[in-house]
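Colleague: Could we go through this model together? I would like to start with the ligands and then look at the surface.
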Amino acid sequence: MARDVVIIGMLGSNLDRMPRNERWERWRPTISLFQREDLLIRRMHLLHAPEHSRLCAEVVADIQLVSPETTVIRGRSLIQDPWDFEEVYGALHDMARSTPFNPETEDILVHITTGTHVVQICLFLLVESRHIPGRLVQTSPPRSKDSPGGLSVIDLDLGRYDRLAARFATERAEGAALLKSGIPTQNAHFNAMMDEISLVAVSSDAPILLLGPTGSGKSQLAAQIVALKRARRRIEGQFVEVNCATLRGDAAMSALFGHVKGAYTGAVTAREGLLRAANGGVLFLDEVGELGLDEQATLLRAIEHGRFAPVGADQEVQSRFQLITGTNRDLTVEAQAGRFRADLLARMDLWSFTLPALRERPEDIEPNLDYELELVRRRSGVAVTFSAEARARFLAFATGPEGLWPGNFRDLGAAITRLATLAPGGRVRVEDVERELTRLRRAWSPAANPTDAGDRLGRELLGDAAWDELDRFDQVQLAEVLRVVQASPSLAAAGRVLFAQSRARRGSPNDSDRLRKYLAGFGLTGAELLRR
Ligand SMILES: Nc1ncnc2c1ncn2[C@@H]1O[C@H](COP(=O)(O)OP(=O)(O)OP(=O)(O)O)[C@@H](O)[C@H]1O
Ligand SMILES: [Mg+2]
């Protein structure tokens, strides 16, 4: 059995109002609903503002003329200001709740051609949230004189949502692909992280902190985040990039925040500074752990208030930018050691992402190998290829236990560049690979090149021979302990970092004693490391 059609609509105080003698020649949206042969309307709820009572009565009379079988229920709405979102939503919400809809026997259509935009939006929301269990309908003026005009039903059905959702998913995938420089990476953890970053990049301007070992791609990712933001029109200003390790002494303040003319001897002209250059864009502070404490204080003010004082200025200037920072230091340790402001860290790491080392993503070596070959082709114009055997040999090494890649993409890029340069006629053979692998093994041998600061400290303090006698199991733990002790002002401070969890559980244990005993097992006291 066909359901009864029920219409809900707002009287159009302009569109439904026409001079009496011309009113049948002109298009009136509410009336046009009743002039259609394809639509038999059982009931209409016609809402109107109190001051339009007369117009409403006239329109209702005309409806009865063209469609005597329709029952019109006039709803005098108490909306004072039809542009006030809260008021309109409240009134329509009340109307929806007090009207006994029966979607089983009624086909409910919500007419949104009339009424202010605010009314239209509120009706949309009420339909979408199913407070009104119906479909939206729009009417439009006729193209020819005898037609009643257009009518289109906007069905917020699930299929439509699926299509919208599919579009969002595509956009998101495109964002992530851009972040990955188009490399078809396979590592699930890495891919999930790129999805998340792409979502953050296009929907937030809050600071982003990029962590991860050297060469893991932090700087490249920062540039890709900016490219994505630009593609989605989230930024208009410049991308300003600075490596904080290159900012030293007095010059650092002035490079970042600028100075006024005559701020110090030699300041013959004013300088804008990097923060102001980044206004409306993105400031990428690479190796942010190297920033001095004075610079940190001014930077904090700049990101919290969008203002700061250039060197020698007595007035503050404004600059608003998105901050991206990168570091391979553990800033929590730095903060605990008093070298990094904890309040600045808290502002910087609203979003923080740790890029994995290459050896944690073995499945991504091959797609990155192809990417590197493509880079070589673009740089030199020569298409270099591996023989099947050579490729298999390289990948077996690269993804196996020997593939340490301490410099991550820097190492991979360098290895491929060497292979490509030495390959006769652009063809990499298995013997070329063997030669490169020998080189990599030598370069990565622990004695030649301790892989991190902790290993280096261990070798220094114990001597190469004693260090090499330790199991890797002990080396790893000792290296990390030494690194933390070296970054701390006292053994007690180091203990607080190293035993933070058990400390929180047990109250106040003697951390420095525990640490002293551990170090003593290796013939160390800790004193040789403190305040180095
Ligand atoms: N797939 C890749 N992802 C990221 N970087 C890559 C990739 N392939 C090659 N590279 C290159 O690897 C090098 C190291 O990357 P990048 O400078 O972004 O690392 P980083 O994490 O910033 O290192 P550092 O901590 O030393 O500054 C760059 O030359 C970069 O272009
Ligand atoms: Mg970098």
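Colleague: Which residue has an N or O atom in its side chain 2.7 Å from a nitrogen atom of ligand 1?

Modeller: Happy to help, and please keep in mind that this is a predicted model. Ligand 1 has 16 residues around it, and those that come nearest are T214, K218, S219, Q220 and N368. The side chain of E372 places an N or O atom 3.1 Å from a nitrogen atom of the ligand. The contact at 2.7 Å belongs to the side chain of N368.

Colleague: How much of the accessible area of ligand 1 does the protein cover?

Modeller: Besides the side-chain contacts, a polar backbone atom of S216 is 3.2 Å from an oxygen atom of ligand 1. On its own, ligand 1 has 630 Å² of accessible area, and the share covered by the protein is 79%.

Colleague: Is D286, which coordinates the magnesium ion, buried or exposed?

Modeller: The magnesium ion (ligand 2) is coordinated by S219 (OG) and D286 (OD), at 2.0 to 2.7 Å. S219 lies in helix α7 and D286 in strand β9, so the pair ties together parts that are 67 residues apart in sequence. S219 is partly exposed at 29% relative accessibility. The cut-off for buried is under 20%, and D286 has 11%, so D286 is buried.

Colleague: Which residues form a nonpolar patch on the surface?

Modeller: One member is V66, found in helix α2 (residues 53–66). V66 has a relative accessible area of 34%, so this residue counts as partly exposed. Together the patch has about 280 Å² of accessible area, and its residues are W24, L65 and V66.

Notes: Residues are numbered from 1 along each chain as its sequence is written. Chains are lettered from A and ligands numbered from 1 in the order in which they are written. This is a predicted model: local features need pLDDT of at least 70, side-chain atom pairs count only at pLDDT 80 or more; totals for chains, interfaces and linings use all residues. Side-chain values use heavy atoms; hydrogens and water are left out. Donors are N, O and S atoms within 2.8 Å of the metal (3.2 Å for Na, K and Ca); water is not among the atoms, so sites may look incomplete. Helices (H or I, at least four residues) and strands (E, at least two) are DSSP runs, numbered from the N terminus. Buried means under 20% relative accessible area, exposed over 50%, partly exposed in between (1.4 Å probe, protein chains only). Patches are made of residues with over 30% relative accessible area and no salt bridge: like charges are joined within 9 Å, nonpolar side chains (Val, Leu, Ile, Met, Phe, Trp, Tyr) within 5 Å. Accessible areas come from the Shrake-Rupley method with a 1.4 Å probe; for residues, only the protein chains shown count as cover. A salt bridge is a side-chain nitrogen of Lys or Arg within 4 Å of a carboxyl oxygen of Asp or Glu. A residue is near a molecule or strand if one of its heavy atoms lies within 4 Å of it. A polar contact is a pair of N or O atoms within 3.5 Å; within protein, one must be able to donate a hydrogen and the other to accept it, and residues adjacent in sequence count only if both atoms are side-chain atoms.
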